[in-house]
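Subject: Structure handover

Hi,

Here is the structure I promised. Please open it next to this email, and read on for what I found.

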Amino acid sequence: MGITKKFAVAITETLQLSIAVNAENQQQAKEIIAQRWKNGAYVLNADHFIGVEFDVLPI
């Protein structure tokens, strides 16, 4: 068996939820949804999972 090395592997999960909103422009739409999210109106969970990445990081 060969010599082993220590590695750090970052796991990044991506969750996504699309929400329709009426706004004057894209920036306002983003601000409205961001504020609602900050206030707890939207809570993403495993049902919103769309992907995962594994990245090796320096130790």
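A term first: helices here are DSSP runs of H or I with at least four residues, numbered from the N terminus. A34 is found in one such run, helix α1. Please keep in mind that this is a predicted model.

**Overall fold**

The protein chain has one helix and two strands. In sequence order the pattern is β-α-β. The chain is more spread out than a compact globule, because its radius of gyration is 19 Å, well over the 10 Å that the globule rule gives for 59 residues. The C-alpha trace spans about 65 × 25 × 20 Å along its principal axes.

Burial comes to 8% of the 59 residues. The accessible surface is about 5,600 Å². Carbon and sulfur atoms account for 53% of that surface.

Contacts reach along the sequence too. Take those between residues at least 6 apart: 77% of them join residues at least 24 apart.

On charge, the chain carries 5 positive and 6 negative side chains. The centres of the two sets lie 9 Å apart.

**H48**

H48 sits in the loop between α1 (26–38) and β2 (49–57). Is H48 buried or exposed? H48 is buried: its relative accessible area is 18%, and the cut-off for buried is under 20%. Which residues does H48 contact, leaving aside neighbours within four places in sequence? They are T14, L15, Q16, L17 and V43.

**G51**

G51 belongs to strand β2. G51 also counts as buried, at 18% relative accessibility. Not counting residues up to four places away in sequence, G51 touches T12, E13 and T14. Take E13 from that list. The residues G51 and E13 are 38 apart along the chain, yet their C-alpha atoms are separated by 5.9 Å. T14 turns up in the contacts of H48 and in those of G51.

**N45**

N45 lies in the loop between α1 and β2. Its relative accessibility is 37%, so N45 counts as partly exposed. The side chain of N45 reaches the backbone nitrogen of D47 at 2.8 Å. N45 and L15 are 30 residues apart in sequence. In space they are 7.3 Å apart, C-alpha to C-alpha. L15 is also one of the residues that H48 contacts.

**A34**

Back to the helix. A34 in α1 is partly exposed, with a relative accessible area of 31%. How far apart in space are A34 and F7, C-alpha to C-alpha? The distance is 36 Å, with their positions 27 residues apart in sequence. Set that beside G51 and E13, which are 38 residues apart along the chain with C-alpha atoms separated by 5.9 Å.

**Where to look**

Start at H48, in the loop between α1 and β2. Then go to G51 in β2 and find T12, E13 and T14, which G51 touches. Finish on N45 and the backbone nitrogen of D47.

Best wishes

Key: Residues are numbered from 1 along each chain as its sequence is written. This is a predicted model: local features need pLDDT of at least 70, side-chain atom pairs count only at pLDDT 80 or more; totals for chains, interfaces and linings use all residues. Side-chain values use heavy atoms; hydrogens and water are left out. The radius of gyration is taken over C-alpha atoms; the globule rule is 2.2 Å times the number of residues to the power 0.38. Buried means under 20% relative accessible area, exposed over 50%, partly exposed in between (1.4 Å probe, protein chains only). Contact means heavy atoms within 4.5 Å. Accessible areas come from the Shrake-Rupley method with a 1.4 Å probe; for residues, only the protein chains shown count as cover. Lys and Arg count as positive and Asp and Glu as negative; His and the chain ends are not counted. The place of a charge is taken as NZ of Lys, CZ of Arg, CG of Asp or CD of Glu. A polar contact is a pair of N or O atoms within 3.5 Å; within protein, one must be able to donate a hydrogen and the other to accept it, and residues adjacent in sequence count only if both atoms are side-chain atoms.
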